[in-house]
Amino acid sequence: MGKLRVGIPGELYSRPLAWGFLKGHYEGLITPSLHPPAVIAQLLRQRNLDVGLVSPLDYQELEHLKVIPNLCVALAGPSRSVVLAMNRPLEEVESIAVEPNGGATEALLRIVLLEDLGQVPPLVPHQPIASRMLESHDAALVTGDAALRLDDPKVQTLDLAQRWSQLTGHPWVASFWACREEVALNDVTFYFKSSLRFGLAAMDSLVREYAAQIDVEVADVKDSLEKSVRYLLRAGELAGLEEFYRRANRLGLMTTVQPLRYIS
């Protein structure tokens with residue numbers, strides 16, 4: 001087998017997990033590439049990637065995947081990564097613009113809205129540009145770097161990951177590494193843990209570089225990562241993942257819930 005092809009979302013919150021790979025560590029074994037989350041799922045399905053950072057729903061919908069243990073992106077506080085941006089108070093919202101193929105983030109939105117409003121206003125697919133979404137709708141589901149850039153004082157925001165933690169007592173697991181089951185690389189878990197260790201050790205330079213890349217204040221990037229993001233898939237994160245699957249299944253957002261299967 002050739003190099004392991006690893007798909008990485010382009011957003012901030014995946015960077016510490018993938019920092020070692022992106023900086024050339026293990027380049028003889030691993031080829032990293034950046035893609036939107038929906039494209040990562042598609043490339044895994046087409047066997048054009050070997051490993052990808054996938055959402056909880058993508059894992060359930062894709063076949064023949066195994067999880068690389070102990071690693072994830074989990075949000076436990078005011079992440080500014082998954083937010084509902086609103087032109088008016090939540091109880092007055094009549095329509096919400098959402099990115100097509102919203103997947104797990106749209107499911108999270110539905111869960112929170114049902115808890116807080118008892119209903120879900122119409123969700124309308126829209127090109128994922130926050131300003132345009134809010135021109136024609138009362139609210140918009142804004143994720144990733146676009147959410148971090150929101151700075152209009154007239155726009156109210158509800159941090160959905162923080163609200164999930166308040167409702168359930170658990171972090172929201174946004175993604176984790178999944179590998180096609182036929183892929184063979186000795187000690188694969190070691191390489192992925194090593195990439196995270198490098199990212200955490202280089203956090204200051206990672207934050208400065210990324211802040212410059214997306215034109216956001218360094219303090220905002222640092223604050224967002226330090227206040228909410230967790231990278232280890234431990235008991236609390238697994239409990240949050242199980243609760244998300246339970247609620248999504250109850251709402252008919254997924255047909256079956258299969259337990260995580262880990263690589264050996």
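How do the residues of the lining of the second largest pocket divide into nonpolar, polar and charged? The legends below take up this pocket, then two other sites. The model is predicted.

**Close-up A. Lining of the second largest pocket.** Four residues of this lining are nonpolar, three are polar and three are charged. The pocket has a volume of about 160 Å³. Its lining runs through Tyr59, Gln60, Glu61, Leu62, Glu63, His64 and Leu65, and is completed by Gln258, Pro259 and Arg261. Helix α3 (residues 56–61) gives the largest share, three residues.

**Close-up B. The largest pocket and its centre.** This pocket holds about 1,100 Å³ of space. It is lined by 42 residues, and those closest to its centre are Pro37, Glu99, Gly102, Thr105 and Thr143. Helix α4 (residues 103–117) supplies six lining residues, the largest share. By class, the lining counts 23 nonpolar, twelve polar and seven charged residues.

**Close-up C. Asp159, a buried acidic residue without a salt bridge.** Asp159 belongs to strand β10 (residues 156–159). Which side chain of opposite charge is nearest to Asp159? That of Arg80, 6.9 Å away. A salt bridge needs a side-chain nitrogen of Lys or Arg within 4 Å of a carboxyl oxygen, so Arg80 does not form one with Asp159. The backbone of Arg80 does meet this side chain: its nitrogen is 2.8 Å from the side chain of Asp159. Ala161 also takes part, with its backbone nitrogen 3.2 Å from a polar atom of the Asp159 side chain.

How values were computed. Residues are numbered from 1 along each chain as its sequence is written. This is a predicted model: local features need pLDDT of at least 70, side-chain atom pairs count only at pLDDT 80 or more; totals for chains, interfaces and linings use all residues. Side-chain values use heavy atoms; hydrogens and water are left out. On a 1 Å grid over the protein atoms alone, a cavity is a set of points where a 1.4 Å probe fits but cannot get out, and a pocket is an open set with protein on both sides within 12 Å along at least five of seven lines; lining residues have an atom within 4 Å of a point. Grid points are joined across faces, edges and corners, and a volume is the space filled by probe spheres set on the points. Helices (H or I, at least four residues) and strands (E, at least two) are DSSP runs, numbered from the N terminus. Ala, Val, Leu, Ile, Met, Phe, Trp, Tyr, Cys and Pro count as nonpolar, Asp, Glu, Lys and Arg as charged, and the others, Gly among them, as polar. Buried means under 20% relative accessible area, exposed over 50%, partly exposed in between (1.4 Å probe, protein chains only). A polar contact is a pair of N or O atoms within 3.5 Å; within protein, one must be able to donate a hydrogen and the other to accept it, and residues adjacent in sequence count only if both atoms are side-chain atoms.
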